[in-house]
Amino acid sequence: MDVKKILTEATACLGPSGQEMQVAEYFADAFRPFVDEVYVDDLFNVVAHIKGSGPRIMLAAHMDEICMMVIGIEDDGCIRMGNVGGVDPRILPASRVWVHGREKLFGTVGALPPHLLSEEDRKHNYDKDALYVDVGLPAEKVRELVRIGDPITFNCKPVAMLNDQFACKTQDDRACVTMLLLAAERLQKLHHDADVWFVGTTTEEVGSRGAMTAAFRIDPDLAIALDVDHATIPGSRTDTTVDLDCLSVTIGPFIQPKLLERLKKCAADHHVKLQYTVSERETWTDTDHINAAREGVPSVLLSLPEKYMHTSVETIDLKVLTEGGRLMAHFISELDEGWEEDLWI
């Protein structure tokens, strides 16, 4: 599998929270060669199923992306922005964006330059109300092509960097959906009894409703959620970040401890390096909602370290992504009818 090609294509798909139709179609097609059946449900979750007689396992990573949305059009044609998910306005000035109206319009994010700000205003960073999108059209034409609520997404090309690092928008969390694809591909060469459900979930950035409803429908025996975690960068606190060069597993009240031990043992047996992070309450990922589905689903969280989360240059290590796919495949292949015998005692 050409991981760079998948990431390049997947991150280019439109898929704001609640409007994941395009990215769902892409990943549904990508899963089809490796599974027995694929469907897209009413909330645009992509569900890819490999049939088996053993325990039912759900592996989930979200497809939706943070973005902006149109909330107003000025008399000069400039567009005011709201947020869908967590967009930090400090990263927006001078960004290139797409406005997804009746036509797809190129735009730039503008603001008053420092030369025109008061001395007091220059002491503060820009907030959302000070920013706008300029598409170079008069207001009459903008109002013809653009509606309130239309999404606005980052317009940037992926960049393959040195040492197998890869930078692009929207790798949170389409890089982890790609990890699921790698696992599905590798499972074709491994024997397994498990009944496997790969899910590209929706609306994670605004509340994980996709994961919640998919878990209710699938009713899994156990689950692994995959998401990104903050990688260490200059100035970051070591207790809030993880190293970029290996996968991270979470310890906390939403994580089933013996299932976590099983995942750690599988990683050790197959020489996959892990590091650890702690979530004292919620993990703020799909894990929290899958965990509480129906009568409860024993769950663990596996994370891909990522620098510059929720920006247009989210950066990952491709070797680590590939190792994640390998670990998931081996974990699935080693599940058998007796997998839960020591889970509760």
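Is Leu-318 buried or exposed? Before selecting this residue, bear in mind that the model on screen is predicted.

**First stop: Leu-318**

Select Leu-318, which lies in helix α8, the run of residues 318-333. Leu-318 counts as buried because its relative accessibility is 8%, below the 20% cut-off used for that term. Display its surroundings and, leaving out residues up to four places away in sequence, you will find that Leu-318 touches Val-3, Lys-4, Leu-7, Asp-164 and Phe-166. Now add Gln-165 to the selection: although 153 residues separate Leu-318 and Gln-165 along the chain, their C-alpha atoms are 6.0 Å apart.

**Second stop: the nonpolar cores**

In soluble globular proteins, nonpolar side chains tend to be buried together. For this model, select Phe-31, Ile-57, Phe-198, Leu-302, Leu-304 and Leu-327, which touch the most other members of the largest nonpolar core, a set of 69 residues. Helix α4, covering residues 171-187, makes the greatest contribution to this core, supplying ten residues. A second core, separate from this one, has 21 residues, among them Ile-66, Val-87, Leu-92 and Val-99.

Return to Phe-198 and show what surrounds its ring, again setting aside neighbours within four places in sequence. The contacts of Phe-198 include Phe-31, Val-35 and Leu-59, together with Val-46, Val-47, Ala-48 and Ile-50, and also Leu-180, Ala-183, Ala-184, Leu-187 and Ile-332.

**Third stop: Asp-41**

Move next to Asp-41, in the loop that connects β1 (37-40) with β2 (46-50). Asp-41 is buried but forms no salt bridge, and the nearest side chain of opposite charge, that of Arg-217, is 5.0 Å away, whereas a salt bridge requires the charged atoms to be within 4 Å. Select Asn-45 as well, and a polar contact of 2.9 Å can be drawn between the side chains of Asp-41 and Asn-45.

**Last stop: the cysteines**

How many disulfides does the structure hold? The number is zero, and two cysteines can be inspected in turn. Select Cys-168 with Cys-156, which carries the cysteine sulfur closest to that of Cys-168; the distance is 5.1 Å, so the two sulfurs are too far apart for a bond. Cys-168 has a relative accessible area of 1% and is therefore buried. Then select Cys-266, whose sulfur has its closest cysteine sulfur in Cys-246, at 15 Å, which is likewise too far for a bond. Cys-266 is also classed as buried, because its relative accessible area is 2%.

Key. Residues numbered from 1 in each chain as written. Predicted model: local features only at pLDDT ≥ 70, side-chain atom pairs only at ≥ 80, totals over all residues. Heavy atoms only, no water. Helix = DSSP H or I, 4+ residues; strand = E, 2+ residues; numbered from the N terminus. Buried < 20%, exposed > 50% of the residue type's maximum accessible area, 1.4 Å probe, protein only. Lys, Arg positive; Asp, Glu negative; His and termini not counted. Polar contact = N/O pair within 3.5 Å; in protein donor to acceptor, adjacent residues only side chain to side chain. Core = buried A, V, L, I, M, F, W, Y, C linked by side-chain atoms within 4.5 Å. Contact = heavy atoms within 4.5 Å. Disulfide = S-S within 2.5 Å.
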